[in-house]
Amino acid sequence: MILLAIETSSSRGSLALFVDGTLSREVCFPEGLLHGREITARLDDMLRAEGLRARSLGAIAVSVGPGSYTGLRVGVTAAKTLAFALGIPVVPESSLKVMAGNAAGGPPAFLLPILDGRRGHFFWGLFAMSAGEGSGLEDSIEGCIEGCIEGSVARLSPDKGTDAGEVLAALELLAVPGEPAPRVLTVGDGADLLLQALSLPFLSRGPTSWDAPRASVLGRLAVDRAALASFDREAVHRLEPAYLRVTEAERKLATKGGV
């Protein structure tokens, strides 16, 4: 089976092709939310380079957010359009999990990706890394914890750590009485602000190279599910980006009393 992975949740998008579960090719777009301009041409180039056509695709994996509104709309729309045209399934995945997947294969640890959603919103997830084979990711604490930290960026400081209270509460669930605190790495464009807000000895900064999700990681996380999936028209129709908060247009409409 040939799987196409579409990652457009961040400022630099990427595409990847997997053939029978193995990464065959990955291309990254230029920086700067150019997904709408790049995605069709880059996909065509990838398929030609592999001697394939669009109808060769057997499934699509797409990052559904949270992340850039514009980027997510481009990626999800492209995935749905291809799925309907080719009659193939779409496997959605959290962009936070894709970020955590950058660390797969490394030492076991907890990963806390955190994204600056602007206007005082921070999107985060807490994941456990597995020492075994496979994706290297395990959902932690009764499943993936995803949330939104409310509050101003300026107030994310050691003196006002309550603004990061939801993250702190999740981290406290990891503590086992009588045992050393587990190592937790944080990544993403909100990681440095989080470290300022939460001065915890077991919480440290992960490599900046893990800050952005990649299509190659998305595909690796989705490939097993994609192999078992089948085309479901209603499921594809219902697929939407996971914004996790209202869009700017919705916020302005509500301010004007439109809703």
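A residue is called buried when its relative accessible area is under 20%, exposed when that area is over 50%, and partly exposed in between. With this yardstick in hand, the predicted model can be explored from its aromatic rings inward.

Two aromatic pairs are found in the structure. In one of them, tyrosine 69 meets tyrosine 243 edge-to-face, with 4.7 Å from centre to centre and 85 degrees between the planes. This pair bridges distant parts of the chain, since tyrosine 69 belongs to helix α2 while tyrosine 243 sits in the loop between α7 (233–238) and α8 (248–255), 174 residues apart. Both tyrosine 69 and tyrosine 243 are buried. Phenylalanine 84 and phenylalanine 231 also pair edge-to-face, at 6.4 Å centre to centre and 85 degrees between the planes. Here helix α2 supplies phenylalanine 84, and the loop between α6 (215–228) and α7 supplies phenylalanine 231, 147 residues apart. Phenylalanine 84 counts as partly exposed because its relative accessibility is 31%. Phenylalanine 231, at 28%, is likewise partly exposed.

Next comes the interior. In soluble globular proteins, nonpolar side chains tend to be buried together. The largest nonpolar core in this model comprises 25 residues, and Leu4, Ile6, Leu15, Val62 and Val90 have the most contacts inside it. Two or more residues each come from β1 (2–7), β2 (14–19), α1 (35–49), β4 (59–63) and α2 (69–86), with α2 giving the most, six residues. Apart from this core lies another, of 20 residues, including Phe122 and Val167.

Finally, the second largest pocket has a volume of about 220 Å³. Its lining consists of 13 residues, with Ser10, Arg12, Glu31, Ala212 and Arg214 nearest the centre.

Notes. Residues are numbered from 1 along each chain as its sequence is written. This is a predicted model: local features need pLDDT of at least 70, side-chain atom pairs count only at pLDDT 80 or more; totals for chains, interfaces and linings use all residues. Side-chain values use heavy atoms; hydrogens and water are left out. A nonpolar core is a set of buried Ala, Val, Leu, Ile, Met, Phe, Trp, Tyr and Cys residues joined through side-chain atoms within 4.5 Å. Buried means under 20% relative accessible area, exposed over 50%, partly exposed in between (1.4 Å probe, protein chains only). Helices (H or I, at least four residues) and strands (E, at least two) are DSSP runs, numbered from the N terminus. On a 1 Å grid over the protein atoms alone, a cavity is a set of points where a 1.4 Å probe fits but cannot get out, and a pocket is an open set with protein on both sides within 12 Å along at least five of seven lines; lining residues have an atom within 4 Å of a point. Grid points are joined across faces, edges and corners, and a volume is the space filled by probe spheres set on the points. Rings of Phe, Tyr and Trp (its six-membered ring) pair if their centres lie within 6.5 Å; planes under 30 degrees apart count as stacked, over 60 as edge-to-face and the rest as tilted.
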